[in-house]
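Student: Could you take me closely through one part of this structure, the residues that UniProt marks as "active site"?

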Amino acid sequence: MSIDPRDPVAVAQALIRCESVTPAEGGAQALLESLLAPLGFEVWRPTFSDEGTPDVANLYARRGEGEAFVLAGHTDVVPTGDEARWTEGPFSGAIAGGELYGRGAVDMKGAIACMVAAVARALDGGGELPGPVAFLITGDEEGPAINGTAKLLEWAHARGERFSGCLLGEPTNPEALGDVAKIGRRGSLSGTVTLPGVQGHVAYPHLARNPVRELAPALTALLGEPLDEGTEHFEPSNLEVVGVRSGTGAFNVIPGEAALQFNVRFNDLHTADSLMALIRDRLDDALGAGAYALAFEPSNADAFLTAPGPLVEAVSAAIEAETGRRPALTTGGGTSDARFIKSYCPVIEFGLVGQTMHQTDERVAVADLETLTRIYGRALANAFG
């Protein structure tokens, strides 16, 4: 059955029916190629690899010459969980009560469908796009994010591709379309503090050294003082202890080690390197240098900001024209692939309402798909205006 690329609901249904749980392509990018190629897009589908990670299929498509405006997103989705708990099948693309159900309906096959439909409508009846447009689509956003957008951008740049700006279709709205556009993201850094001790019998504590006693000053060092007070566009950075490990499983044994695991979501007052140094200084003051071990997980997520300017105005004006609401410009939430795109061009994020993303019964209002398609069409015109 042929799919009308101008119809965002039909495109979204077809994409949802592709079982593209990370890292599987599931037919989603093949479907996009079948829709974009007839619209005059040249399409490439590179697969990237890295040791210890699964191969990932990606898609890059462009129409027109010169610096392209990029429409970006991901076709991979998170696992469904217990499919029996879904009202409609997670890969059915069923519509019930005016809502489209399925894994990826919100995050973010629905937005990709709207991007395709916006471009197809602009080209309908012999029309033309307002300028060169590219699609940058990965299958590795919900996974390790190693063989996805970062490598796809490197690949495109090596081919001579250059970008004027990017609209990433992550679900940004908490309640209704028009609530929020994201102009940056906080960084993320994870680490472990390990406190050594000497294991021994609880009845003979003088023969042991209990590392659990050092958890209190370590916690005070990590949590006692705020990291900062925030900035104009960013909320304060926050460090959260997410795990405490110790013990042998026996009540009569003093453990030989204790450990704290933590994650920091940080604003643009810090980099990963400066934050590592700050945390180490605080622990040195509380515990003494050499009295603990500190290890950080690899991080590819520094904070960044797309300052309000032409791109932000182009998208904000399109949102306001279609919804009557001027979106709040925020940098909250977790990480996204915008952290990679920002190194190549300005990037702004705007997509669907995110209330059901990653949940059982993920779904989107059918009416929102139509509205978002019109927003994306206006945003493209504004971006080249």
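Tutor: What follows looks at the two annotated residues in turn, beginning with how the values were obtained. This is a predicted model, in which local features need pLDDT of at least 70 and side-chain atom pairs count only at pLDDT 80 or more, while totals for chains, interfaces and linings use all residues. Residues are numbered from 1 along each chain as its sequence is written, and side-chain values use heavy atoms, with hydrogens and water left out.

An unreviewed UniProt entry places the feature "active site" at Asp76 and Glu141, an annotation that may be inferred rather than shown by experiment. Although they are spread over 66 residues of sequence, they cluster in space, with a largest C-alpha distance of 6.8 Å.

Asp76 sits in the loop between β5 (68-74) and β6 (95-96), where strands are DSSP runs of E with at least two residues and helices are runs of H or I with at least four. Asp76 counts as buried because its relative accessibility is 0%, buried meaning under 20% relative accessible area with a 1.4 Å probe and protein chains only. The side chains of Asp76 and Thr22 are joined by a polar contact of 2.7 Å (a pair of N or O atoms within 3.5 Å, one able to donate a hydrogen and the other to accept it; residues adjacent in sequence count only if both atoms are side-chain atoms).

Glu141 lies in the loop between β8 (133-138) and α4 (149-158), and is likewise buried, at 14%. A polar contact of 3.3 Å links the side chains of Glu141 and His74.

Key: Buried means under 20% relative accessible area, exposed over 50%, partly exposed in between (1.4 Å probe, protein chains only).
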